[in-house]
Amino acid sequence: MPPADAAPASSAPARPDAVVSPPPPGAGLAPAELAEAATTLRADLAAAGFTVDGVERVLGPVASAALHREQAVPARRALRGREGDPTAALAALFLLGDDVPRAAVDAALGRTGVDGARRLGLVEAAGAADDDAVRALVDLRPYAASDAAGPVTWWLSSDLGELATGRRLAADHVLGAGGASLTLAQVTVRTPVGRVLDLGTGCGIQALHAARHARSVVGTDISRRALGFAAFNTAFNLPFGTGAAAATGRGAAIELREGSMLEPVTGERFDLVVSNPPFVITPRAGGAGALPEYEYRDGGRAGDDVVRDLVTGVAAVLAPGGVAQLLGNWEHRRGVPWDERVGEWLDEAGLDGWVVQREVQDPAEYAETWIRDGGTTPEREPGAWAAAYAAWLDDFAARDVEAVGFGIVTLRRPLDGARPTLRRLEERTGPVRQPLGGHLAAALAAHDWLTARDDAALASARLAVAPDVTEERFHTPGAPDPTVVLLRQGDGFGRAVQASTGLAALAGASDGELAVGQLVGAIAALFEVPADDLAGELLPSVRGLVGDGFLVPVG
């Protein structure tokens with residue numbers, strides 16, 4: 001392998017311009033041929049140590065962290081002198097987009113070799129000599145994550161990014177599994193279900209996760225190229241997933257359909273809908289016609305209409321009791337609280353709704369984020385950068401947008417004939433403990449449990465403190481009693497609740513042995529207050545602790 005920061009050899013294949021996209025991998029191969037080649041390639045990648053842990057071992061922690069930030073210099077320095085290391089060769093080829101000698105790729109890929117990788121559409125080669133350069137046509141990288149159903153390890157293909165090409169992205173760029181994809185996978189409820197819809201499947205990552213706990217999965221996308229990558233990734237990984245599906249040697253069937261938003265599934269019903277939709281707010285007027293629009297992120301609507309339309313329209317494809325979970329953003333407009341505006345979407349949807357705002361950016365931050373995301377930089381294209389920046393700010397100003405919120409939306413269709421009972425909009429910008437899907441599922445179940453019980457039924461229930469809850473007490477120096485008592489949650493959103501003396505006493509005594517009413521009576525006797533008055537004070541707080549997972553029903 002040449003030095004990782006060396007200039008491309010003269011025999012290197014020409015790097016295609018970023019606006020000319022190669023076909024997705026596996027295009028043109030018969031299913032049986034693709035399956036056989038995928039099995040061989042998987043074995044080669046594993047044998048070469050091209051895994052998440054293997055790449056981090058070769059690069060080291062500093063270079064690995066820098067690569068996650070799209071900075072390649074530390075990684076190239078870390079790969080110097082590693083000729084003969086198959087992990088290093090594949091990292092240089094597929095992660096950095098560097099030219100690698102044919103002999104090194106042949107050695108790293110074992111039975112597949114350069115010729116097999118070319119047939120799959122993964123690489124191109126300058127020639128057949130050992131020192132001729134091989135260059136990646138796609139990004140192929142190991143993927144490891146944990147969702148509410150457990151850990152997974154796969155390999156995912158997508159288009160080469162700006163780091164590898166040095167140019168802005170093509171309009172039909174197919175994105176890999178980035179931070180947003182991982183977040184959605186981790187927050188999704190993984191209760192076993194029948195049918196799942198992955199709306200805007202992209203490279204297919206959410207469909208793969210869903211296949212582990214569903215009988216069938218439908219993935220839709222407006223991009224034919226994205227569906228090509230999804231077809232390759234599902235064929236490449238599905239028979240080898242981890243978890244319940246792997247125990248049978250197969251996952252759920254994944255069907256891929258082309259079309260916009262909900263159109264490909266009109267008239268159908270699903271138990272779970274997941275979506276990382278093309279929600280990026282992109283200028284549509286005021287001189288913004290020259291701005292590039294990317295299929296993976298631009299829904300073709302003004303402002304945040306894509307998210308609003310999905311929230312208000314997804315009920316049409318949800319089965320009774322079905323859940324929809326999506327990522328999105330929404331505009332904060334002058335004089336209108338964000339939760340009031342998004343709350344109107346929930347009201348129009350007619351669904352149970354829970355919206356958690358996780359981040360807020362001002363218009364300038366938002367513009368910078370997405371201009372850079374497309375590969376335009378002020379250093380490389382100062383004119384294009386300034387024009388795009390101005391277009392974004394003008395677009396926001398036209399609608400009096402003061403900020404943009406990002407977050408998680410969980411929706412649920414009530415059972416037939418029932419009315420929505422959940423309407424919750426909140427801001428949680430601190431760290432959370434992932435995967436969050438199990439916590440969200442438990443919270444929905446707790447909400448249903450509380451909705452079915454009046455105060456008398458709640459008083460007769462037995463509760464226990466969740467195992468992740470701790471208590472913190474704060475004392476004024478010299479004071480015998482605490483001035484503040486906090487109940488803190490270690491799981492989920494990591495909430496902290498300031499508890500009154502009575503609520504702290506009830507929580508501390510909740511071990512599932514006595515009913516809530518019995519505990520209230522005992523505490524009232526200890527404090528020498530009327531039991532009914534104390535119950536009126538504590539029961540609403542107990543409901544809140546159950547709803548947020550601090551207390552859990554016993555039996």
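**Briefing: a small sheet, a surface patch and some backbone details**

At 39% relative accessibility, Asp400 counts as partly exposed, because that class covers values between the 20% and 50% limits. This residue belongs to a predicted model. The points below cover the loop that holds Asp400, an open sheet of three strands and a nonpolar patch on the surface.

**Loop residues**
- Asp400 sits in the loop between helix 15 (382–398) and strand 12 (401–412), and its phi is near 55°, a positive value in a residue other than glycine.
- Met261 is not a glycine either, yet has a positive phi of about 50°.
- The loop between strand 8 (253–258) and strand 9 (270–275) contains Met261, which counts as partly exposed at 26% relative accessibility.
- Gln434 and Pro435 are joined by a cis peptide bond, with omega about 0°.
- Pro435 lies in the loop between strand 13 (423–427) and helix 16 (437–451).

**The sheet**
- The three strands of the open sheet follow the order 1-3-2 and pair in the antiparallel sense.
- Strand 1 (100–101) and strand 2 (123–125) are at the edges with a single partner strand each, so one side of each has no neighbour in the sheet.
- Three bridges link strand 2 to strand 3 (residues 133–136) in antiparallel pairing, and Glu124 has Arg135 in strand 3 as its bridge partner.
- Helix 4 (residues 86–95) lies across strand 1, strand 2 and strand 3, at about 60° to strand 3.

**The surface patch**
- Leu526, Phe527 and Val529 make up a nonpolar surface patch with about 270 Å² of accessible area together.
- Leu526 is part of helix 19 (residues 516–527) and counts as exposed at 65% relative accessibility.

Definitions and conventions:
Residues are numbered from 1 along each chain as its sequence is written. This is a predicted model: local features need pLDDT of at least 70, side-chain atom pairs count only at pLDDT 80 or more; totals for chains, interfaces and linings use all residues. Side-chain values use heavy atoms; hydrogens and water are left out. Two strands pair if DSSP finds at least two bridges between them. Helices (H or I, at least four residues) and strands (E, at least two) are DSSP runs, numbered from the N terminus. Contact means heavy atoms within 4.5 Å. Axes are lines fitted to C-alpha atoms, for helices over the stretch in contact, and angles run from 0 to 180 degrees between N-to-C directions. Patches are made of residues with over 30% relative accessible area and no salt bridge: like charges are joined within 9 Å, nonpolar side chains (Val, Leu, Ile, Met, Phe, Trp, Tyr) within 5 Å. Accessible areas come from the Shrake-Rupley method with a 1.4 Å probe; for residues, only the protein chains shown count as cover. A salt bridge is a side-chain nitrogen of Lys or Arg within 4 Å of a carboxyl oxygen of Asp or Glu. Buried means under 20% relative accessible area, exposed over 50%, partly exposed in between (1.4 Å probe, protein chains only).
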